[in-house]
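Here's a walk through one protein model, written for someone who'd rather be at the bench. Have the 3D view open and click along as you read.

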Amino acid sequence: MKINKVVGPVPSGLKYEGSDFKSKGLVKWCPGCGDYAVLASLHKAMAEIGVAPENTVVVSGIGCSSRLPYYMGTYGMHTIHGRGAAVATGVKVANPDLNVWLMSGDGDSMAIGGNHFIHMIRRNVGINMVLFNNKIYGLTKGQYSPTSDRGFVSKSSPFGTVEDPFIPGELVFGARGTFFARTLDVEMGLTSKCMVAAHHHPGTSVIEALVNCMIFNNGTHKEFSDRAVRADKTIILEHGKPMIYGKDRNKGLVLDGLTLKSVTIGENGIEESDILLHDAHSVNPILHQMLATMHETDGMPVALGVIRDVKAPVYEEELVSQIADVQEKSTIETVQQHLDALTRWTVE
Ligand SMILES: Cc1ncc(C[n+]2csc(CCOP(=O)(O)OP(=O)(O)O)c2C)c(N)n1
Ligand code: SF4
């Protein structure tokens with residue numbers, strides 16, 4: 001029996017438009033929800049990626065963001081809370097040639113689905129995940145989530161939370177992740193770029209999309225996402241380029257001992273050549289982790305773009321080659337032959 005060759009993303013030579021990936025369904029998010037921008041970025045990225053809609057599967061868990069598969073003109077499955085990673089893993093392993101995407105919220109993937117999240121990443125299954133981080137449970141009307149800031153007041157934490165949040169990138173690196181990118185709902189071009197890069201990455205890719213929930217957590221990212229401050233409070237990383245940012249393009253990152261520091265080019269003898277170059281392909285994740293978490297320190301920007309993109313064995317490829325290897329060497333052709341070959345006991 002041959003498995004894993006059902007259909008494939010056969011290059012059709014067709015050129016796609018974003019609209020080829022839209023479903024006819026009515027989008028049911030609140031007006032102004034950040035998820036709309038991510039959806040539009042995904043339509044655009046899918047067209048650029050160029051895999052046919054019928055060879056694309058978009059899986060999700062449960063949450064406002066997890067409604068996204070309804071809005072795609074591809075195959076899709078709106079599964080159960082926190083279990084999208086498990087279903088997407090099954091889809092990818094059963095047919096590695098499919099282009100598999102996973103949509104999940106911070107509640108869906110960091111709370112109830114945290115276990116599936118880390119194991120999908122550890123296995124490096126060929127799934128592209130978009131993690132919609134609005135730091136709240138939107139669908140269930142405003143409970144705090146594992147990414148809500150310490151002290152956050154919500155319906156389920158009326159006096160403020162007494163716990164520190166997860167930083168999703170830290171979990172990705174802790175689980176030995178091979179691809180991590182971060183984007184903002186309002187940075188639609190960057191979001192599409194990250195999605196295309198995620199598609200070309202073999203193995204699991206995680207894109208954290210920082211999105212605004214207008215209704216239950218409005219403005220949660222505004223300290224750095226507001227247009228007036230964004231250039232000075234965020235840095236868009238590009239592999240091989242110096243880590244420079246700021247509206248005057250005169251701020252940059254350097255290593256000061258074991259920590260990252262923001263400096264101003266032209267001050268204190270700092271020149272552009274002193275600024276660190278971004279190496280997304282470095283196998284050592286330490287600098288990537290520092291970049292993903294540096295905004296926790298006052299005065300440091302939020303890192304956006306592809307932070308890590310390294311190669312490692314891919315789960316479904318290993319599995320398919322193992323099955324082929326065992327099949328080739330095995331003399332067993334039927335289940336009955338397999339059962340007959342097992343040690344058996346007769347219970348009297
Ligand atoms: C087993 C189970 N537990 C709880 C719920 C209720 N529930 C639905 S969505 C959700 C959290 C949604 O938050 P998030 O994943 O951050 O997505 P958002 O709605 O913010 O996009 C919860 C707790 C559920 N549907 N199933
Ligand atoms: S509740 Fe929040 S996350 Fe859900 S659709 Fe409305 S704005 Fe978006």
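What follows is a tour of rings, helices, a small sheet and a few buried polar side chains.

Before we start, keep in mind that this is a predicted model.

**Rings and a charge**

Let's begin with the aromatics. The structure holds 4 aromatic pairs. Take Tyr16 and Phe21: their ring centres are 5.5 Å apart and their planes meet at 65 degrees, so this pair counts as edge-to-face. The cut-off behind that label is an angle over 60 degrees. Both Tyr16 and Phe21 are buried.

Another edge-to-face pair is made by Trp29 and Tyr36, with 5.5 Å from centre to centre and 85 degrees between the planes. How buried or exposed are these two partners? Trp29 is buried, because its relative accessible area is 6% and the limit for buried is under 20%. Tyr36 comes out at 30% relative accessibility, so it counts as partly exposed. Add Tyr71 and you have an aromatic cluster made of Trp29, Tyr36 and Tyr71.

There's also a ring with a charge over it. The charged end of Arg123 sits over the ring of Tyr315, at 5.8 Å from the ring centre.

**Two helices**

Now for helix α2, which spans residues 84-94. Its buried residues are Gly84, Ala85, Ala88, Thr89, Val91, Lys92 and Val93. Note that a lysine, Lys92, is on that list. What covers these buried residues? The cover includes strands β1 (56-60) and β3 (99-105), along with helices α4 (114-123) and α10 (315-329).

Helix α6 runs over residues 188-200, 13 residues in total. From first C-alpha to last, α6 reaches 19 Å, close to the 18 Å expected at 1.5 Å a residue. Buried in α6 are Leu190, Thr191, Ser192, Cys194, Met195, Val196 and Ala198. Remember Ala198, as it comes back below.

**A three-stranded sheet**

Next, an open sheet of 3 strands, in the order β8-β9-β10 with antiparallel pairing. At its edges are β8 (244-245) and β10 (259-264), each of which pairs on one side only. Strand β9 (residues 251-256) is joined to the antiparallel β10 by 6 bridges. If you want to check the register, Gly252 stands opposite Val263 in β10, and Asp256 stands opposite Thr259 in β10. β9 and β10 form a hairpin with 2 residues between them. Gly257, in the turn of that hairpin, has a positive phi of about 65 degrees.

**Buried polar side chains**

The last stop is a set of polar residues that are tucked away. Two of them lie in strand β6: Ser205 and Glu208.

Glu208 is buried, with a relative accessible area of 2%. Which side chains does the side chain of Glu208 make a polar contact with? One is Asn133, at 2.8 Å, and another is Arg182, at 2.9 Å. Leaving out residues up to four places away in sequence, Glu208 touches Leu131, Asn133, Pro168, Phe180, Ala181, Arg182 and Thr183.

Ser205 is buried as well, at a relative accessible area of 1%. Its side chain is joined to that of Asn128 by a polar contact of 2.8 Å. Beyond its neighbours within four places in sequence, Ser205 is in contact with Ile127, Asn128, Met129, Phe179 and Ala198. That's the Ala198 listed among the buried residues of α6.

Asn217 sits in the loop between β6 (205-210) and α7 (222-225). Despite its loop position, Asn217 counts as buried, with 7% relative accessibility. A polar atom of the Asn217 side chain lies 3.3 Å from the backbone oxygen of Lys135. Setting aside neighbours within four places in sequence, Asn217 is in contact with Asn134, Lys135, Ile136, Phe152 and Asn212. Ser154 is 63 residues away from Asn217 in sequence, and 8.9 Å away in space, C-alpha to C-alpha.

Here are the polar side-chain distances from this section, side by side.

| Residue | Partner | Distance |
|---|---|---|
| Glu208 side chain | Asn133 side chain | 2.8 Å |
| Glu208 side chain | Arg182 side chain | 2.9 Å |
| Ser205 side chain | Asn128 side chain | 2.8 Å |
| Asn217 side chain | Lys135 backbone oxygen | 3.3 Å |

Terms used. Residues are numbered from 1 along each chain as its sequence is written. Chains are lettered from A and ligands numbered from 1 in the order in which they are written. This is a predicted model: local features need pLDDT of at least 70, side-chain atom pairs count only at pLDDT 80 or more; totals for chains, interfaces and linings use all residues. Side-chain values use heavy atoms; hydrogens and water are left out. Rings of Phe, Tyr and Trp (its six-membered ring) pair if their centres lie within 6.5 Å; planes under 30 degrees apart count as stacked, over 60 as edge-to-face and the rest as tilted. Buried means under 20% relative accessible area, exposed over 50%, partly exposed in between (1.4 Å probe, protein chains only). A charge sits over a ring if NZ of Lys or CZ of Arg is within 6 Å of the ring centre and within 35 degrees of the ring normal. Helices (H or I, at least four residues) and strands (E, at least two) are DSSP runs, numbered from the N terminus. The expected span of a helix is 1.5 Å times one less than its number of residues. Contact means heavy atoms within 4.5 Å. A polar contact is a pair of N or O atoms within 3.5 Å; within protein, one must be able to donate a hydrogen and the other to accept it, and residues adjacent in sequence count only if both atoms are side-chain atoms. Two strands pair if DSSP finds at least two bridges between them.
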